[in-house]
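Biologist: I am new to this structure. Please pick a single part, look at it closely, and tell me what surrounds it.

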Amino acid sequence: DYLYRDVLEQALAEGSLQHLAVAFSRQPDQAKTYVQDLLERDGERVYTMLENGAYFYVCGDAKHMAPAVRAAVQRFAQTWGGRDLAGAAQWLRDLESSGRYLQDVWAST
């Protein structure tokens, strides 16, 4: 489902939203696109935004999607932030503790 499509696209058109990337993994006759795929494509942009104070919200499946997204975001700190694995993990924990990396995830059945 493309929840809030009209609202999101209007915010983009008005400039209050700067970028919108939508992933659909269950559309018939289309290649599967996952959130982490789009994050990897836009990784440098996302990392720069986070370094400049952006907030990151993750909503969805706790078993597959959320860990894949988390791993992608942590890799940004390594790739574009020059951090080692431990430093990247700490960077992400710091985002969480400051309330800038937030998750609303649930277990799928």
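**A close look at Arg 100**

Modeller: Of the 109 residues in the protein, 26% are buried, meaning under 20% relative accessible area with a 1.4 Å probe and protein chains only, where exposed is over 50% and partly exposed lies in between. This is a predicted model, in which local features need pLDDT of at least 70 and side-chain atom pairs count only at pLDDT 80 or more, while totals for chains, interfaces and linings use all residues. Residues are numbered from 1 along each chain as its sequence is written, and side-chain values use heavy atoms, without hydrogens and water.

The protein has five helices and two strands, taken as DSSP runs (H or I, at least four residues, for helices; E, at least two, for strands) numbered from the N terminus. Their order from the N terminus is α-α-α-β-α-α-β. Arg 100 sits in the loop that lies between helix H5 (85-97) and strand E2 (101-106).

Arg 100 is buried but forms no salt bridge, that is, no side-chain nitrogen of Lys or Arg within 4 Å of a carboxyl oxygen of Asp or Glu. Glu 51 has the nearest side chain of opposite charge, 6.3 Å away; Arg counts as positive and Glu as negative. A polar atom of the Arg 100 side chain is 3.0 Å from the backbone oxygen of Ala 54.

Apart from neighbours within four places in sequence, Arg 100 is in contact (heavy atoms within 4.5 Å) with Leu 50, Glu 51, Gly 53, Ala 54, Tyr 55, Phe 56 and Leu 95. Glu 51 and Ala 54 are thus named among these contacts as well.

Technical notes
Polar contact = N/O pair within 3.5 Å; in protein donor to acceptor, adjacent residues only side chain to side chain.
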